[in-house]
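The following exercises are to be worked through with the sequence and the coordinates at hand. Each task is followed by a solution in steps.

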Amino acid sequence: MKKLTALTFAAILFAPAAWAGGAADSVTAVDPYVRAVPPGQPATGAFMVLQNSDAKAHVLVKADNAASKVTELHGHVNEGGVMKMRPVKQIDLPAKGEAKLQPGGLHVMLIDLKQPLKAGDTVALTLTFEDGSTKEVSAPVRHPAGMMMSH
Amino acid sequence: MTKRILILAVFLALLAATLWVWRASGLPPLGKPAAAAGGDFTLQSADGPVSLKDLRGKVVLLYFGYTYCPDVCPTSLALIAQALKQMTPAEQARVQVVFVSVDPERDTPQKLKEYIAFFRPGGIGLTGTPEQVAQAAKQYGAVYRKQAVSSAAGYVVDHSSYTYILGPDGTLRGKLLHAATPAEMVREIRTALKS
């Protein structure tokens, strides 16, 4: 009986380690940043390159952040010159591959900002993957005109 | 060295793909404005009415967007700002950025003034009645449509994302794609400035 209890305790103790590991361990967020916006603007985007070092594909299913009330994943479709931004349910991270979250493409959208974000601020983002594991990303806020955009 | 060649190859491939899609979609290439396109219009700024003909003598960079635009507009305006920063002060003094809102229900003249100033000090933000905005957009072939989305952002406005270039004489010289690089923009603006 004691052995079972001990095992149960061990399982409970190690469970959080399993949560923090998993997909999150294989994913690196490279050059994350949040775009500063004019005061009064309700939303902005967070961008980064998500690299998956695993031989197995993973999926970003959710994002949260401290600076806005709502966080969503969004992408763009360019239909004959008309840019259509739409929420997406997930962002796929191919095995040994990457997903580029950049202006005009996929991004994490911060909706209903609690206060204006200025260049120099930092936003704490939490990325959640398909197995429930999470990763904390610290994203500096950058002024758009100061950024080099690559397409 | 290999990396640079690779980047150049990717850029060229993207440019070719963009041009291909552009032609395939029936839109005129840069340098050949659509027939009967352009012309004057008058809309409201926070400092009073502004007509495009008031801006003659300068090259006008005209963009149709909206302030609630979460990504496309900030991206395009940032690229315009970067392009202009690469030009001399004398050249910059002869270029006027004009941002027309395709979301007149939400964008007020004051909001537009603050919005455009964030990207380009001296930029002019314009709006009007939905009919006036629709007319101005039609003149330039800009399209837009309000779209409800299942997002806390409320509605978005899908819109074409071109930067129209007007010469100092007020005529439409062409338009830059959403994906135009600052270097391309500088070239096209300089061409317009020469005339």
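**Exercise 1: A:His143**

In this predicted model, A:His143 is found in the segment after β10 (134-142) of chain A. Determine whether A:His143 is buried, partly exposed or exposed, and state which residues A:His143 touches beyond four places in sequence.

*Solution.*
1. Count the C-beta neighbours of A:His143 inside 10 Å: there are 16.
2. A buried residue needs 20 or more, and an exposed one has 12 or fewer. A:His143 therefore counts as partly exposed.
3. Leaving out residues up to four places away in sequence, A:His143 touches A:Ala36 and A:Ala119.
4. A:Tyr33 lies 110 residues from A:His143 in sequence, and the C-alpha atoms of the two are 10.0 Å apart.

**Exercise 2: Helix α2 of chain B**

Compare the expected span of helix α2 (residues 72-85) of chain B with the distance between its end C-alpha atoms, and state how many of its residues are buried.

*Solution.*
1. The helix has 14 residues, and at 1.5 Å a residue it should span 20 Å. The expected span uses one less than the number of residues.
2. The end C-alpha atoms are 20 Å apart, which agrees with the expected span.
3. Of the 14 residues of α2(B), 13 are buried, so the helix is mostly covered.

**Exercise 3: The contact between the chains**

State how many residues each chain gives to the contact, and which element of chain B gives the most.

*Solution.*
1. Chain B contributes 33 residues and chain A contributes 32 residues.
2. On the side of chain B that touches chain A, the elements giving two or more residues are α2, α4 (109-119) and β7 (155-160) of chain B.
3. Among these, α2(B) gives the most, with 7 residues.
4. By class, this side of chain B has 19 nonpolar, 10 polar and 4 charged residues.
5. Strand β5 (residues 82-87) of chain A pairs with β7(B) in the antiparallel sense, over 2 bridges. A:Met83 stands opposite B:His159 in β7(B).

**Exercise 4: The nonpolar cores**

Identify the residues with the most contacts inside the largest nonpolar core, and the element that supplies its largest share.

*Solution.*
1. The largest nonpolar core has 54 residues, and those with the most contacts inside it are B:Leu61, B:Leu62, B:Ile80, B:Val98 and B:Val100.
2. α2(B) supplies the largest share of this core, 9 residues.
3. Beyond four places in sequence, B:Leu62 touches B:Val98, B:Val100, B:Tyr140, B:Tyr164 and B:Leu166.
4. Another core, of 29 residues, lies apart from it and includes A:Ala63, A:Ala67, A:Met109 and A:Ala139.

Methods:
Residues numbered from 1 in each chain as written. Chains lettered and ligands numbered in written order. Predicted model: local features only at pLDDT ≥ 70, side-chain atom pairs only at ≥ 80, totals over all residues. Helix = DSSP H or I, 4+ residues; strand = E, 2+ residues; numbered from the N terminus. Contact = placed C-beta atoms within 7 Å. Nonpolar A, V, L, I, M, F, W, Y, C, P; charged D, E, K, R; others polar. Pairing = 2+ DSSP bridges. Core = buried A, V, L, I, M, F, W, Y, C linked by C-beta atoms within 7 Å.
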